[in-house]
Every structure is written in structure tokens, then in C-alpha cells.
Amino acid sequence: MLSRSFTSHSVNGFTGAVGNTPLIFLKALSEKTGSKIYGKAEFQNPGGSVKDRAALGIIEAAEADGRLKPGGTIVEGTAGNTGIGLAHVCRAKGYRCVIYMPDTQSQEKIDLLRMLGADVRPVPAVPYEDPRNYNHQARDYARETQGAVWTDQFDNTSNADAHYRTTGPEIWKQTQGEVDAFVASTGTGGTLAGVGRYLKEQNGGKVQVWLADPPGSVLHSYVTSGGQLKERSGSSITEGIGQGRITNNLGTFVDKLDGALHISDEKSIRMVYELLDTEGLYVGASSALNVVAAYELAQQLGPGKTITTIICDGAYRYQSRLFSRKWLQSKGLTDAIPEHLKKYAVL
Ligand code: PMP
């Protein structure tokens, strides 16, 4: 039997190819839990990640409200994927693209941004409270530059709106309205709040929406302690996620979450290897963390449920780390990979 149905349609350019990603049934984990677990294949967006949706949504909103004019400049502070999405959309639409990013990000991502024509400015990886933080530098540069727009992915709610308009309805349609739960991690909160808000509006709020949080993020404890915001401490291997504050994109939706799961780096890296081994999926660490969370949520909710999550991007942008024995050792994660999966760590 062919495993793929053929649909014949064409789209208009890069921007037309954003969204409408498949929802992948994750067979092994579904069988183990007796529930249906699905991951939304956001690595199939033309820029390679879930952030293409936010990038397009933010740029089109800035065009619509007149802040972004032909030949203008887009400026963002980003750990990577949003910048890549923005750089693609800028090339497709003829804008200049300036990206500030912490100097701790992988070389693959920096190289790709530069190849896409973005002006990349690495800055020290300091917390949000520090004025040298990449977000503040991006904002200040946009303020001082004529025709420049700071896209402000964390607090510009055009980001969550893009997911409310596209990702949420796609999941609802793809599950034929049979979704019981959605779980996702948060960088800006755009995906979680946008999808979550849409799904909760569909059947009287019955869809449960859960947060998945890596080490070093404060949101898990915020949700489980009834709204106490702790000081951020610790770090994680999962690039692109984890948060130290309630962004505008998360907004009041954070108080409507049904729960939160804290997922260790050991579990996330192991799932990177397991998804490759059992499903043939080559995904980044935040995607793996999301899938661990979907699996744990399935166990918690009991069999017979439909649980959805996001496969944010592929492993290509992180492969020199995730599949390097030396790197795994430097992070104390060698023992997190079972013996039979160690063959994939070829670097
Ligand atoms: N995973 C990866 C790899 C990302 O780059 C991001 C965005 N920074 C996310 C997950 C989280 O998405 P959001 O910003 O919508 O919360």
C-alpha cells in the first residue's frame, strides 16, 4: 500500500509554501500508550521550522499596518529559527534583514543566516535584564534606523495570531476535531498560546493544553505553583525554548493552561535518537522534548486519547552537537543514550 496520498496543487512562492504541514502519526509511542500521538511536521515549512509561520505573520502584519514599506529593514533578536524564517521572507519580499543573536548559538545557524543574506550580529549571551541582551540591541538598532521595523517576536502578538489562524485550525482539521490534548514547549509562547487558544475555542474548552518546559525555564514552576515567577537558573541543550518571563505572546493564556511537564535533557536527547531509530525522523532537541511530553501526557491521561504536539525543526541545524560523542560527553549525556542507539552518534 502506498503510504502517501497525492494531492496536486501549486503555491505562490516561498510565502505560499509556509504552513499546511502534515500531521505525523507516531506509531511506536502510540502503541506503547494506547493513545494516538501525533507530531505536526513543522520541519516541512520552506525555511525548515515552525518559526516560518511567525516570521510571515509578523512581516505581513507590519506591511498591513503601514510600518513596513517597500525596501524597508526587518530587525530581530533571535536564537535562530525566527531569524532564518525572517531572512527567507525578507529575500522573497525584498527587505533588508538584520539579526542580533547570542554568541552561544550553533555555527550552522549563523552560517545559514549569512547565506540567506542577513546581516548577523552576534552579541554576548546575557539575561534579558541586561541592556546588552540581543533583544534590546535589536530594538535599539531599529529605533535608530530609518525604515526599520523591530519584529519583536516575544511580545508582538502577530506571532501567536499566525498560529491561531493557521497551525491551530490545521490541527483541528487534521484530527477531524478529535483532539483531546495539545502540548508544546515555549520560546516566545507564540505556538503554545496561538494553537492553544484556537483549540480551546472549538469544543467548549475541552481540549487540554499543556506546557512542556526544559531545565532553566521558569514557566513550569509558574504553572504548577499557581502563578509564582521564580528567578531563572540553569540551562538546557534544547535551543530555541525555555523562558524567564511571561511574554505578551503567552499573555493571559498561561493561566488557562491545564498543566505543565518538566522534561530533562537526558529524556530529550534520548528521544532524538529514538525518533530516528523507530520512526526515521531526524528532529531537533525541542521537537524531541515535545514528543517526550506528549508521551508522558498520554500516560497521565490514560489510553484512548488523541494527543498532538509540534515537531519544530529537523536536526540538520544542530547535528554537529547532537550526534557528536565528544559533545554528548561534555554535557554529561553519554549515558542518556541506550547502547543500541549509540551507533547514530557518528561525529
Ligand atoms: N523549537 C525551536 C527549535 C525554536 O526555534 C522555537 C522558537 N524559538 C521553538 C521551539 C518555540 O516556539 P515559540 O517561539 O512559538 O514558542
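The exchange below walks through the sheets, the helix packing and the ligand shell of a predicted model.

Trainee: In the open sheet of six strands, which are the edge strands?

Mentor: The six strands of this open sheet follow the order 1-2-10-7-8-9, and their pairing is mixed. An edge strand here pairs on one side only, and that description applies to strand 1 (23-25) and strand 9 (259-262).

Trainee: What does the twist of that sheet average from one strand to the next?

Mentor: The value belongs to the sheet with the order 1-2-10-7-8-9. From one strand to the next, the twist averages 25°.

Trainee: In strand 10, which residue is the bridge partner of Phe-182?

Mentor: Strand 7 (residues 181-184) and strand 10 (residues 306-311) run parallel and are joined by two bridges. Within this pairing, Phe-182 has as its bridge partner in strand 10 the residue Thr-308.

Trainee: At about what angle to strand 7 does helix 8 run?

Mentor: Helix 8 (residues 190-202) lies across three strands, namely strand 7, strand 8 (208-213) and strand 10. Relative to strand 7, the direction of helix 8 is at about 175°.

Trainee: Which helix gives the most to the shell around the ligand?

Mentor: The ligand is surrounded by 20 residues, of which the closest are Gly-187, Thr-188, Thr-191, Gly-240 and Ser-286. By class, the shell holds five nonpolar, 13 polar and two charged residues. The element that gives the most to this shell, with three residues, is helix 8.

Trainee: Is helix 7 roughly parallel, oblique or roughly perpendicular to helix 8?

Mentor: Helix 7 and helix 8 pack with their axes 7 Å apart, at an angle of about 50°, and the crossing is right-handed. Their contact draws on many residues, including Tyr-164 and Trp-172 of helix 7 together with Tyr-198 and Leu-199 of helix 8. The residues of this contact divide into 10 nonpolar, eight polar and two charged. Given the angle of about 50°, helix 7 is therefore, with respect to helix 8, oblique.

Trainee: How does helix 3 stand to helix 7, roughly parallel or roughly perpendicular?

Mentor: The axes of helix 3 (residues 51-64) and helix 7 (residues 158-174) come within 8 Å, and they cross at roughly 115°. That angle is why the relation of helix 3 to helix 7 is described as roughly perpendicular.

Trainee: How many charged residues does the contact of helix 3 with helix 7 have?

Mentor: On the side of helix 3 the contact includes Arg-53, Leu-56 and Ile-58, and on the side of helix 7 it includes Asp-161, His-163 and Thr-167. By class, five of the residues are nonpolar and six are polar, while the number of charged residues is two.

Trainee: How many nonpolar residues does the contact of helix 10 with helix 11 have?

Mentor: Helix 10 (residues 265-279) and helix 11 (residues 285-301) pack at about 95° with their axes 8 Å apart, and the two are therefore roughly perpendicular to each other. Among the residues making the contact are Ile-269, Met-271 and Leu-275 of helix 10, along with Leu-289 and Val-292 of helix 11. One residue of this contact is polar and one is charged, and the nonpolar residues number nine.

Trainee: Why is one side of strand 5 and of strand 6 left without a neighbour in the sheet?

Mentor: These strands belong to an open sheet of four strands in the order 5-4-3-6, whose pairing is parallel. Neighbouring strands of this sheet are turned against each other by 20° on average, direction ignored. Strand 5 (119-123) and strand 6 (148-150) stand at the edges, so each of them has a single partner strand.

Trainee: In strand 4, which residue is the bridge partner of Thr-73?

Mentor: Strand 3 (residues 73-77) runs parallel to strand 4 (residues 96-102), and five bridges join them. Helix 4 (residues 81-93) lies across both of these strands, running at about 170° to strand 4. Within the pairing, the partner of Thr-73 in strand 4 is Arg-96.

Notes. Residues numbered from 1 in each chain as written. Predicted model: local features only at pLDDT ≥ 70, side-chain atom pairs only at ≥ 80, totals over all residues. Pairing = 2+ DSSP bridges. Axes fitted to C-alpha atoms, helices over the stretch in contact; angles between N-to-C directions. Contact = placed C-beta atoms within 7 Å. Near = placed C-beta within 6 Å. Nonpolar A, V, L, I, M, F, W, Y, C, P; charged D, E, K, R; others polar. Parallel < 35°, antiparallel > 145°, perpendicular 65-115°, else oblique. Left-handed = near helix turned anticlockwise from the far one by under 90°.
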